[in-house]
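Trainee: I am new to this structure and would like a close look at a single part. Could you take me through the cysteines and how they are linked?

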Amino acid sequence: MNLPTPAIVAERGAQRMPRLALILFCAAYVLPGLFGREPWRNADLSAFGFMSSVASGHAPWWQPSIAGIHADGGPLPYWVGAVAIKALPMLEPALAARLPYGLILVLVLMLVWYSCFHLARTDAAQPVAFAFGGEAQGVDYARAMADGALLALIASLGLLQLGHETTPELLQLLASSLFLYGLAAAPFRLAKARWAVMLSLPVLAASGAPAVALACAVVGAVQCSKSSYAQVRELTLWILIAGMLAAISAWEFNAWAWRISMEAAPATLLDFLSLSAWFSWPAWPLALWTLWRWRAHWQHRHIFAPLSLALIAMLTSLLMDNSDRALLLGLPALAVLAAFALPTLKRGFAAAMDWFSVFFFSAGALFFWIYYLSMQLDWPKTPAANLRRLAEGFEPQFNALALAAALLASAAWVALVRWRTARNQHALWKSLVLPAGGVALCWLLAMTILLPFADYARSDKALIARLGRHLPPAINCLAAPDQSMATLAAIEFHGGWLVDAKRPLSESACDYAVQAAGAAVPANWVLVAHEQRPTDRKPTFKIWKRALP
């Protein structure tokens with residue numbers, strides 16, 4: 001027996017978001033952070049280091065490496081950046097490597113929109129028909145729901161930084177979004193669904209997540225085999241084939257690696273809940289509301305498909321010691337689940353989200369502007385003094401284009417708040433406009449008027465300049481044992497030195513060496529200097545010179 005759905009939507013509630021406004025939302029979210037910055041420390045910098053080493057010929061394409069140390073996982077994500085660097089020699093290598101990943105983020109947003117659109121078109125997801133007509137039409141309802149899913153993804157805090165990096169996880173995110181699209185589009189676009197699942201799972205495995213790919217294959221095949229749609233049942237075989245291709249690609253690309261932590265303590269679970277609470281905000285409370293209101297329909301594909309993929313990502317994150325990068329793969333599915341809460345959302349909860357977004361993001365924007373005024377006008381004095389204390393040697397810079405973009409974004413935020421609070425809007429997606437707009441605003445401000453400070457503090461360019469003051473213009477190589485991959489990437493890219501990181505100092509042929517400040521004093525080496533990053537409070541590196549015999 002088909003139970004009536006909890007979605008009661010009038011025709012005026014199925015208004016789609018104006019396409020220009022939606023495109024501007026996406027542009028304000030994707031473009032900031034692409035231009036005018038260096039690769040940032042840790043995953044972003046180390047991933048770029050692998051791409052740069054392959055593009056420059058310092059490492060083979062089949063085994064990307066930094067200073068002779070091979071990358072974990074598959075090489076596919078590094079090939080994407082390396083090909084862009086080779087194809088765009090007129091651009092800075094960091095910018096060239098970042099451009100295809102900006103396109104990947106755009107594709108993720110598009111796939112989430114189409115995934116929710118197709119899921120909302122299924123019979124079990126349609127709103128209740130009114131006795132005398134006036135209910136939302138199927139396609140209009142699906143478009144409005146898809147707009148809501150896209151806004152929910154943009155509003156997710158966890159995607160903000162990780163979605164703008166050049167890391168393997170972003171390619172994994174694209175693959176997981178493509179697999180979700182394949183499951184969603186099968187009843188209506190079977191050929192496209194086949195291509196989606198056949199491409200997504202091997203890419204997911206070759207990008208460093210083979211276990212997640214196999215889990216998706218098993219869950220997706222079981223779900224499709226029990227579907228009431230004949231087209232969806234036909235997809236089962238293709239998913240199984242894609243799972244086998246994923247296993248083969250992981251084997252060929254050497255992407256298998258043990259990353260599971262066997263610790264299972266209550267504190268670990270609490271840490272995971274804390275991570276999930278902010279990382280997937282505001283999608284997770286809406287997703288929980290969806291599961292409650294649609295609890296009688298949880299076996300239907302519009303609920304079960306995104307729910308299963310979200311649970312796979314959450315379980316993977318928990319097993320990988322609360323990895324936020326593993327949890328990232330569940331954000332598209334959570335955004336789709338969140339969209340199905342919109343037709344059933346209580347007015348009080350929607351109003352609370354609106355006012356929380358207005359106060360929180362307006363306060364954040366005001367915070368950014370105060371710091372910017374302090375840097376440029378030296379008033380008030382305290383914020384600029386705090387920045388100089390946090391990052392020694394930082395000097396503010398003025399950029400007219402960045403200021404103009406920040407002013408336009410702030411004016412758009414004021415107009416958006418006025419539009420949302422001054423009228424009684426009926427569109428389904430209305431409750432997610434302010435959260436998504438606030439996230440886009442704060443990200444744009446951080447990547448325009450505060451970008452000089454963020455770039456100075458988060459990149460290692462200043463550290464390499466400090467190390468270079470103690471090294472002669474020409475050295476045979478620089479030994480750097482036991483350094484992080486990000487530090488090695490910075491030394492190779494910014495410093496241009498040949499780096500030996502595989503051998504201990506006693507076996508290295510280099511004339512100079514860099515070690516952590518707490519490392520043991522090597523024999524037959526003379527200390528040249530202590531150095532540190534601008535954000536460190538005490539020296540963290542030692543520079544050594546080989547003693548003359």
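Mentor: What follows is a walk through the cysteines, beginning with the pair that is joined. This is a predicted model, in which local features need pLDDT of at least 70 and side-chain atom pairs count only at pLDDT 80 or more, while totals for chains, interfaces and linings use all residues. Residues are numbered from 1 along each chain as its sequence is written, and side-chain values use heavy atoms, with hydrogens and water left out.

If a disulfide is taken as a pair of cysteine sulfur atoms within 2.5 Å, the count comes to 1 disulfide. The partners are Cys-477 and Cys-510, whose sulfur atoms are 1.9 Å apart, and the link of Cys-477 and Cys-510 is left-handed, with -115° about the S-S bond. Cys-477 sits in the loop between helix H21 (461-468) and strand S3 (478-479), and Cys-510 in the loop between strand S4 (499-500) and strand S5 (512-516), so the disulfide ties together parts that are 33 residues apart in sequence; helices (H or I, at least four residues) and strands (E, at least two) are DSSP runs, numbered from the N terminus. Cys-477 is buried, at a relative accessible area of 10%, and Cys-510 is buried as well, at 0%, where buried means under 20% relative accessible area, exposed over 50% and partly exposed in between (1.4 Å probe, protein chains only).

Cys-116, by contrast, is in no disulfide, and its nearest cysteine sulfur, that of Cys-26, is 14 Å away; Cys-116 is buried, with a relative accessible area of 0%. Cys-442 is in no disulfide either, with the sulfur of Cys-26 as the nearest, 18 Å away, and Cys-442 is buried at 15%.
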